[in-house]
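Work through the exercises below with the model open. Try each task before you read its solution.

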Amino acid sequence: MSRLPLGLLQGFVLVARTGKLSRAAEQLNLTVSALSHQVRNLEERLGRSLFDRGPRGVTLTADGANLLEAIGHHFEGIEHALGRYQGRHHDTVTLSVLPSVASSWLVPRLPRLVGKHPELELSLHSSVSVVDFDREPTVDVAFRYGLGAWPRTKAERLFDEYIVPIASPSLVRRMGGLPDTSLAGWPLLGDPSGRWNDWAEAFGMPLPSRYVARFDNTEHLQRAVLEGMGVALGRLVMARSLIECGALTVLCKERLRVTEAYYLVYPKRSETHHGVARFREWLLGEAKEYEAGIAAGLPLSA
């Protein structure tokens with residue numbers, strides 16, 4: 001077999017890391033079709049299938065996983081060695097963010113960032129996976145939800161998360177209006193995190209003998225609430241837009257703060273990035289204003 005071009009192997013490694021041809025193509029400044037052609041060219045040269053193609057991306061085959069294990073660390077070494085020589089674009093900030101957080105909290109506030117810092121160019125990478133800054137050197141910062149402990153990063157708390165009972169307006173009408181003091185008799189939906197136990201302990205609510213249904217997927221749970229199936233405990237940040245547009249109703253004034261919170265997370269290399277510093281200052285200000293509104297019981301508007 002003739003020597004393989006380095007570009008084919010680089011494309012393979014990036015597709016394997018990201019799981020998406022579109023994301024890898026963006027990093028390589030290629031079209032998706034061009035990168036797809038490169039991957040198939042590599043597979044033909046090797047005589048093996050390296051990826052299984054699916055509607056949501058690609059996954060490694062056994063042969064693909066073996067190849068990545070054999071060559072992946074070599075490309076990481078090259079990236080680390082060259083990183084110190086690459087110039088930084090201090091007016092461009094690449095942010096990794098959960099899609100749900102981006103749509104419900106961050107994006108509605110971005111016009112204010114543009115107004116304050118028109119010189120900044122913000123590149124949003126939406127992903128449910130926790131970014132590995134060592135493997136993705138183009139990502140400068142991340143907006144994450146958790147306990148604030150991510151290895152080899154600095155995490156600054158932005159604001160807390162609260163849960164409240166939420167239901168559809170149609171269910172509220174069927175139940176004769178909002179509850180007075182208790183959810184007794186209301187159909188409750190079990191959630192993946194078991195938050196009803198925390199709610200019952202905090203507010204002295206007896207747990208039901210059975211739930212109408214239990215879900216292990218948050219998206220399915222929210223859909224069931226929207227269809228009027230029952231009451232769920234919703235995270236305020238996630239449910240804000242649905243509450244504001246009237247698709248969901250908060251059933252009581254009590255709010256329970258959860259252990260997890262939202263954080264701005266970044267590696268040491270981003271501490272000297274001027275664009276990151278300006279974005280961080282703006283984001284901390286927005287977070288402080290949002291928390292003040294929550295404390296005052298104000299509506300959850302952007």
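**Exercise 1. A bridge across the chain**

Which side chain does D91 meet in a salt bridge?

Solution. First, the ground rules. The model is predicted: local features need pLDDT of at least 70, side-chain atom pairs count only at pLDDT 80 or more, and totals for chains, interfaces and linings use all residues. Residues are numbered from 1 along each chain as its sequence is written, and side-chain values use heavy atoms, with hydrogens and water left out.

Step 1. Fix the rule: a salt bridge is a side-chain nitrogen of Lys or Arg within 4 Å of a carboxyl oxygen of Asp or Glu. Side chains of opposite charge can pair when their charged atoms come close.

Step 2. Apply the rule to D91. Its partner is R278, at 3.0 Å from N to O.

Step 3. Place both ends. D91 sits in the loop between α4 (62-83) and β3 (92-97) and R278 in helix α11, so the bridge ties together parts 187 residues apart in sequence. Helices here are DSSP runs of H or I with at least four residues, strands are runs of E with at least two, and both are numbered from the N terminus.

Step 4. Check the exposure of D91. Buried means under 20% relative accessible area, exposed means over 50%, and partly exposed lies in between (1.4 Å probe, protein chains only). D91 is partly exposed, at 37%.

**Exercise 2. More salt bridges**

How many salt bridges does the rule give? Find two further pairs and a network.

Solution. Step 1. The count is 16 salt bridges.

Step 2. Take D134 and R152. Their closest N and O atoms are 3.1 Å apart. D134 is in the loop between β4 (121-126) and β5 (141-146), while R152 is in the loop between β5 and β6 (154-167), 18 residues away. D134 is partly exposed at 36% relative accessibility. R152 is exposed at 62%. Note the backbone too: R152 has a positive phi of about 60° although it is not a glycine.

Step 3. Take R195 and D198. Their closest N and O atoms are 3.8 Å apart. Both belong to helix α8 (residues 195-203), three residues apart, about one turn of the helix. R195 is buried at 15% relative accessible area, and D198 is partly exposed at 34%.

Step 4. Find the network. Salt bridges link R157, D160, R257 and E291.

**Exercise 3. The faces of two helices**

Which residues of α11 are buried, and which are exposed on the other side?

Solution. Step 1. Trace the helix. α11 (residues 274-295) has 22 residues and reaches 32 Å from first to last C-alpha, close to the 32 Å expected at 1.5 Å a residue. That expected span is 1.5 Å times one less than the number of residues.

Step 2. List the buried residues: G275, V276, F279, W282, L283, E286, A287, Y290, G293 and I294. Seen down the axis of α11, they fall within an arc of 140°, so they line one face. The arc is that of the directions from the helix axis to the C-beta atoms.

Step 3. Turn to the other side. K288, E289 and A295 are exposed there.

Step 4. Repeat with α9 (218-226). Its buried residues are L221, A224 and V225. They fall within an arc of 100°, so they too line one face of their helix. The face turned away carries the exposed residues E219 and R223. Among the elements covering the buried side are β6, β7 (189-190) and β9. After α9 comes G228, with a positive phi near 85°.

**Exercise 4. The core**

Which residues have the most contacts inside the largest nonpolar core?

Solution. Step 1. Define the core: buried Ala, Val, Leu, Ile, Met, Phe, Trp, Tyr and Cys residues joined through side-chain atoms within 4.5 Å.

Step 2. The largest core has 58 residues, and L106, F143, F159, W196 and L283 have the most contacts inside it.

Step 3. Inspect F143. Leaving aside neighbours within four places in sequence, its contacts (heavy atoms within 4.5 Å) include L95, W105, F159, Y262 and L283.

**Exercise 5. Confidence**

Where is confidence lowest and where is it highest, by element?

Solution. Step 1. pLDDT is the predictor's confidence in each residue, from 0 to 100. The chain averages 86, and 92% of the residues score at least 70.

Step 2. α4 is lowest, with a mean of 76, and helix α7 (residues 169-174) is highest, at 95.

Step 3. Check residues 298-302, where pLDDT is below 50. Where pLDDT is low, the predicted coordinates should not be read in detail.
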